[in-house]
Amino acid sequence: MFHALANVSRRNIVRMLSKKPYRITELAPKFDMSLAAVSKHVQALERAGIVDREVNGREHICRLNADALSEAHEWLDAYQGFWSERLDALQDVLKQHRPKRGGKMSPDSD
């Protein structure tokens, strides 16, 4: 899933599909690439379970699978405490080495 979302065009497709379903032919003009290239990006999102595609004759309608993104959010949320602690510790270190007004940094800082 994260590999599929690493591409900016795919993230933009997901952003668009979060508002409403789109046909592939509606998506393609929004990007500076061919219809086939947009379709390949949608296929990558499908393989990751992020997008569902419904085929009606020649029309391919794409919908966001919010459940898949919910799973990713839950996984990332498990690391929120870890990153909050690490960022708080970094903030403490930076405060200790912040120069005083008009002064120089502490002698042990580089």
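In the predicted model, Arg53 forms a salt bridge with Glu46, and the closest nitrogen and oxygen atoms of this pair lie 3.0 Å apart. The acidic partner, Glu46, is partly exposed, its relative accessible area being 27%. This contact belongs to a set of four salt bridges counted in the structure.

Two further salt bridges of that set converge on Arg23. In one of them Arg23 is paired with Glu26, with 3.5 Å between the closest N and O atoms; in another, Arg23 is paired with Glu59, with the closest N and O atoms 3.6 Å apart. The latter pair links distant parts of the chain, since Arg23 lies in strand S1 (residues 22-23) and Glu59 in strand S3 (residues 59-64), 36 residues apart. Arg23, Glu26 and Glu59 are accordingly linked in a network of salt bridges. Each member of this network has an intermediate accessibility: Arg23 counts as partly exposed at 30% relative accessibility, Glu26 counts as partly exposed at 26%, and Glu59 likewise counts as partly exposed at 38%. These three values fall in the partly exposed class because that class lies between the limit for buried residues, under 20% relative accessible area, and the limit for exposed residues, over 50%.

A further contact involving a charged side chain is made by Lys20, the charged end of which sits over the ring of Tyr22, at 4.7 Å from the centre of that ring.

With regard to the overall fold, the secondary structure of the protein chain comprises six helices and three strands, and these elements follow one another from the N terminus in the order α-α-β-α-α-β-β-α-α. The protein chain has 110 residues, of which 24% count as buried. When contacts in the protein chain are considered between residues at least 6 apart in sequence, 46% of them join residues at least 24 apart. The surface that the protein chain exposes amounts to about 8300 Å², and carbon and sulfur atoms supply 52% of that area.

Part of the surface is organised as a nonpolar patch of about 960 Å², made by Phe2, Trp75, Leu76, Tyr79, Phe82, Trp83, Leu87, Leu90 and Leu94. Two helices, H5 (66-77) and H6 (80-96), each supply at least two residues of the nonpolar patch, and helix H6 gives the most to it, with five residues. Leu87, one of the residues that make the patch, is found in helix H6 and counts as exposed, with a relative accessibility of 52%. Leu87 is placed in the exposed class because the limit for that class is set at over 50% relative accessible area.

Aromatic side chains also take part in this nonpolar patch, among them Phe82 and Trp83. The structure contains one aromatic pair by the rule applied. The pair is formed by Phe82 and Trp83 in an edge-to-face arrangement, with 5.0 Å from centre to centre and 80° between the planes. The arrangement is classed as edge-to-face because planes over 60 degrees apart are assigned to that class. Phe82, at 43% relative accessibility, counts as partly exposed, whereas Leu87 of the same patch counts as exposed at 52%.

Definitions and conventions. Residues are numbered from 1 along each chain as its sequence is written. This is a predicted model: local features need pLDDT of at least 70, side-chain atom pairs count only at pLDDT 80 or more; totals for chains, interfaces and linings use all residues. Side-chain values use heavy atoms; hydrogens and water are left out. Helices (H or I, at least four residues) and strands (E, at least two) are DSSP runs, numbered from the N terminus. Buried means under 20% relative accessible area, exposed over 50%, partly exposed in between (1.4 Å probe, protein chains only). Contact means heavy atoms within 4.5 Å. Accessible areas come from the Shrake-Rupley method with a 1.4 Å probe; for residues, only the protein chains shown count as cover. Patches are made of residues with over 30% relative accessible area and no salt bridge: like charges are joined within 9 Å, nonpolar side chains (Val, Leu, Ile, Met, Phe, Trp, Tyr) within 5 Å. Rings of Phe, Tyr and Trp (its six-membered ring) pair if their centres lie within 6.5 Å; planes under 30 degrees apart count as stacked, over 60 as edge-to-face and the rest as tilted. A charge sits over a ring if NZ of Lys or CZ of Arg is within 6 Å of the ring centre and within 35 degrees of the ring normal.
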